[in-house]
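Reader: I'd like to learn how to read a sheet, its helices and the empty spaces of a model. Could you walk me through one?

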Amino acid sequence: MDTVLGVDACRTGWVGLTWSGDTLTPHLAPTIAELVDAAGPVAVIAIDIPIGLPERGHRPADLLARTFIRPRQSCVFLTPVRATLGLRAHDHASAVNHELAGQGLSIQAFSLLPKIQEVDDWLPRAPCRVVEVHPEVCFTELAGVPLPPKKTWSGAEQRRDLLKSAGITPVGTLGEAGKAAVDDILDAAIAAWTARRVHDGTAQSFPDPPERGTDGIEAAIWR
């Protein structure tokens, strides 16, 4: 099977693109489990969400990825420690993270905690290999250089051109998935590109080899 799935979080849940041969199929669902079920059998899932959370300190994956996309390293936030999962107040979660990792949590990182927990809870039931990606890291790998911000016209157009060169061209209204933001679709597409590279054995990871936590979960960002 050469079908792979790239996934990104979006405002209404999750958006994904399955890639098989020259065919792209979009999906939109409120939960990661429903999205993967809708996608059907795939060989690899690449998802833009932290996987393999630290108990304390910072993951080498995040630090190496930030160096790789410098000067745009702020695009990669440092993954919250596991003890922050389930905490509903930003100040509380930030204090816990500061105690265990030496710094607080940004609002962006805090807002992702429910989706991080959703994926963490779902992983034991995942039907195939699941890897973590970061779109800016993947686009940098494809382009050879960091790109302008994806919310700018230039940044979005460069990403479209790069995806087209890689054989990925989301077109049309994309059905329900077309309700997702443009940058979410682009991020799901580059995640699918990396999923294919993981499946083919040509992808690389930060760190290399991947780190594994005490729970056995791989903590690495693939590109």
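Author: Let's start with one bridge: valine 133 has tryptophan 222 of β7 as its bridge partner. Strands and helices here are DSSP runs numbered from the N terminus (E, at least two residues, for strands; H or I, at least four, for helices). Keep in mind that this is a predicted model, where local features need pLDDT of at least 70, side-chain atom pairs count only at pLDDT 80 or more, and totals for chains, interfaces and linings use all residues. Residues are numbered from 1 along each chain as its sequence is written, and side-chain values use heavy atoms, with hydrogens and water left out.

Reader: How many bridges join β5 to β7?

Author: In general, strands of a sheet pair through backbone hydrogen bonds, either parallel or antiparallel. Here β5 (residues 129-133) and β7 (residues 218-222) run parallel and are joined by two bridges. Two strands count as paired if DSSP finds at least two bridges between them.

Reader: What is the strand order in the open sheet?

Author: Read it as β3-β2-β1-β4-β5-β7-β6, seven strands with mixed pairing. At the edges sit β3 (23-29) and β6 (205-212), each pairing on one side only. From one strand to the next, the twist averages 25°. For angles, axes are lines fitted to C-alpha atoms (for helices, over the stretch in contact), and values run from 0 to 180 degrees between N-to-C directions.

Reader: Which strands does helix α2 touch?

Author: Helix α2 (residues 60-68) packs on the sheet against β6 and β7, and its direction makes about 175° with that of β6. Helix α5 (residues 113-122) also packs on the sheet, touching β1 (4-10), β2 (13-20), β4 (44-47) and β5. The direction of α5 makes about 55° with that of β2. Contact means heavy atoms within 4.5 Å.

Reader: At what angle do α6 and α7 pack?

Author: Helix α6 (residues 135-143) and helix α7 (residues 153-165) pack at about 65°, with axes 10 Å apart. The contact involves Glu136, Phe139, Leu142 and Ala143 of α6, and Arg159, Leu162 and Leu163 of α7. By class, those residues are five nonpolar, no polar and two charged. The classes go like this: Ala, Val, Leu, Ile, Met, Phe, Trp, Tyr, Cys and Pro are nonpolar, Asp, Glu, Lys and Arg are charged, and the others, Gly among them, are polar.

Reader: And the empty space: what is the volume of the largest pocket?

Author: Rolling a probe the size of a water molecule over the atoms shows where empty space is left. On a 1 Å grid over the protein atoms alone, a cavity is a set of points where a 1.4 Å probe fits but cannot get out; a pocket is an open set with protein on both sides within 12 Å along at least five of seven lines; and lining residues have an atom within 4 Å of a point. Points are joined across faces, edges and corners, and a volume is the space filled by probe spheres set on them. The largest pocket comes to about 690 Å³. Its lining has 32 residues, with Asp8, Asp48, Gln108, Leu112 and Lys150 closest to the centre. That lining divides into 14 nonpolar, four polar and 14 charged residues.

Reader: Which residues line the largest cavity?

Author: Pro50, Ile51, Gly52, Leu53, Ile116, Val119 and Asp120 do. That cavity holds about 30 Å³ of space.
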